[in-house]
Amino acid sequence: MADTRIAGVLGRRVWDSRGRPTVEVDVTLRGGAIGRAIAPAGASMGSGEAVDLRDGGAALGGYDVGRAVNAVNGEIAAALAGKDAADQTSIDQIMIALDGTTNKGRLGGNAIVATSMAVLHAAAAANGVPLWQHLARGRNVRIPLPEIQIFGGGAHAARRVDIQDFMVMCPGAASFAQALEWTAEVYLAAGRIMKQAGKLQGVADEGGYWPAFKSNEEALDTLVEAIAKAGFKAGEQVAISLDVAASEFGKAGTYTLALDNRRLDTGAMIAMLGRWLEAYPIISIEDPVAEDDAAGFAAFTKAYGHRCQVIGDDFFVTDAARVREAARQGAATAVLIKPNQAGTITETQAALEAGKAAKFGTIVSARSGETEDVTIVYLAVGWDAGQLKVGSFSRSERMAKWNECLRIEELLGKDAVFAGRAALGFSGQSQT
Ligand code: PGA
Ligand code: ZN
């Protein structure tokens with residue numbers, strides 16, 4: 001293999017899907033290989049996430065990343081010069097130690113994650129194989145089951161409805177390509193329903209239709225109608241998946257549903273979701289209660305973990321120790337994996353491996369602020385995560401990722417194994 005020692009690290013400011021600045025990093029190796037990656041950005045963030053370094057002040061809403069770019073071109077570039085890009089763990093350890101904080105706030109989670117991912121890309125390029133194959137290291141991998149947003153809500157739609165993501169999953173699909181085709185029909189049908197009802201008002205942050213609904217239930221009813229109008233059996237072929245993102249409207253055991261004008265305690269919140277599970281073909285629920293409500297997670301999982309996947313996002317913030325603790329408590333059945341929550345590839349992989357060790361479902365996920373960077377697709381395939389969450393079925397920062405996964409499935413040809421229904425994390429029960 002060509003020389004994999006790092007020759008140069010170059011950071012620059014680019015722009016994300018919300019028109020905000022973000023950090024792009026190019027890593028060049030002595031043997032000539034190049035890797036590039038861009039940091040994404042969340043809007044509904046867990047309090048335990050790695051913190052992005054932003055400039056503050058009046059310009060660009062305070063979102064500028066001049067200091068983070070300087071950190072890449074200064075301290076990080078100097079510390080990584082000559083280091084072996086093939087040794088991802090050491091590279092990430094160097095950056096963690098250099099930053100010196102527990103939340104990566106000094107150099108910036110955005111600076112560190114973009115560099116970490118760019119180093120990984122460079123190592124794969126030097127290896128002469130696609131990144132997913134570099135990560136798979138000869139092991140069998142599956143093409144992930146996609147989780148795709150139809151209506152956006154919560155923090156991604158000015159809190160128009162409380163629930164953040166109304167999504168579909170296609171457990172009945174035979175391939176990734178078919179899951180996308182079915183989802184496309186549902187997305188189109190949902191758009192037609194919204195138009196006919198005079199409710200089509202563009203899209204939310206991740207490209208799902210703007211949720212001009214009177215209640216959270218109206219969104220669920222419309223989604224069921226869209227699945228039926230598209231010609232699918234709800235629950236069997238195409239099912240509903242929710243990201244409640246409850247930390248956005250709940251704290252210390254009190255949940256305020258603005259739209260429905262209701263205040264619920266944890267028990268009532270769980271009961272409401274339980275009624276939805278009875279009434280609608282829901283197979284997955286993310287962050288059903290707030291990140292500070294571990295007992296609520298355990299209670300929800302005990303009550304419903306046998307009939308739907310219970311995903312922790314803000315609850316886990318892609319942290320292996322938190323995943324292991326929740327597994328001990330029976331407080332979830334799946335973990336969302338977001339590289340920029342952890343801040344490095346090494347820590348991201350550790351969280352995913354902790355999820356697998358606990359027999360959890362593992363879902364590699366994009367953020368609401370995204371770019372053309374498709375690294376997460378390679379992580380989902382190469383690490384055999386089984387599930388992939390990217391946002392909706394519109395806007396190219398989303399479609400770039402779905403389309404890249406499609407290409408991998410095509411490349412694998414008859415060797416492609418679609419993870420499908422079996423990838424869902426259902427509390428140790430049969431996953432069929
Ligand atoms: P975020 O939303 O990227 O704004 O945090 C995604 C999610 O909550 O899953
Ligand atoms: Zn979430």
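Which residues coordinate the zinc ion (ligand 2)? Some notes on that and a few other spots, bearing in mind that this is a predicted model.

1. **The zinc site.** The zinc ion (ligand 2) is held by three acidic side chains: Asp 243 through OD, Glu 286 through OE and Asp 313 through OD. The coordinating distances run from 2.1 to 2.2 Å. If you want to find the donors in the sequence, look for the spacing D-x42-E-x26-D.

2. **What the zinc ties together.** Glu 286 belongs to strand 10 (residues 282-286), while Asp 313 is in the loop between strand 11 (309-312) and helix 9 (320-329), so this pair links parts of the chain that are 27 residues apart in sequence. Both Glu 286 and Asp 313 are buried.

3. **Who surrounds ligand 1.** There are 14 residues around ligand 1. Coming nearest are Ala 43, Ser 44, His 156, Arg 367 and Ser 368.

4. **Polar contacts to ligand 1.** Have a look at the oxygen atoms of this ligand. A polar side-chain atom of His 156 is 2.7 Å from an oxygen of ligand 1, and an N or O atom in the side chain of Arg 367 is also 2.7 Å from a ligand oxygen. For Lys 338, the distance from a side-chain N or O atom to an oxygen of ligand 1 is 3.1 Å.

5. **How covered is ligand 1?** On its own, ligand 1 has 280 Å² of accessible area, and the protein covers 99% of that. As for where the ligand is, it sits in the largest cavity.

6. **Asp 64.** Where does Asp 64 lie? You'll find this residue in the loop between strand 3 (34-38) and helix 1 (66-80). Its relative accessible area is 15%, under the 20% cut-off, so Asp 64 counts as buried. The side chain of Asp 64 also has a partner: a polar contact of 3.0 Å joins it to the side chain of Arg 13.

7. **Ala 332.** Another loop residue to check is Ala 332, between helix 9 and strand 12 (334-337). With a relative accessible area of 5%, Ala 332 is under the 20% limit and therefore buried. The C-alpha atoms of Ala 332 and Pro 288 are 10.0 Å apart, with the two residues separated by 44 residues along the chain.

Conventions. Residues are numbered from 1 along each chain as its sequence is written. Chains are lettered from A and ligands numbered from 1 in the order in which they are written. This is a predicted model: local features need pLDDT of at least 70, side-chain atom pairs count only at pLDDT 80 or more; totals for chains, interfaces and linings use all residues. Side-chain values use heavy atoms; hydrogens and water are left out. Donors are N, O and S atoms within 2.8 Å of the metal (3.2 Å for Na, K and Ca); water is not among the atoms, so sites may look incomplete. Helices (H or I, at least four residues) and strands (E, at least two) are DSSP runs, numbered from the N terminus. Buried means under 20% relative accessible area, exposed over 50%, partly exposed in between (1.4 Å probe, protein chains only). A residue is near a molecule or strand if one of its heavy atoms lies within 4 Å of it. A polar contact is a pair of N or O atoms within 3.5 Å; within protein, one must be able to donate a hydrogen and the other to accept it, and residues adjacent in sequence count only if both atoms are side-chain atoms. Accessible areas come from the Shrake-Rupley method with a 1.4 Å probe; for residues, only the protein chains shown count as cover. On a 1 Å grid over the protein atoms alone, a cavity is a set of points where a 1.4 Å probe fits but cannot get out, and a pocket is an open set with protein on both sides within 12 Å along at least five of seven lines; lining residues have an atom within 4 Å of a point. A molecule sits in a cavity or pocket if more than half of its atoms lie within 2 Å of its grid points.
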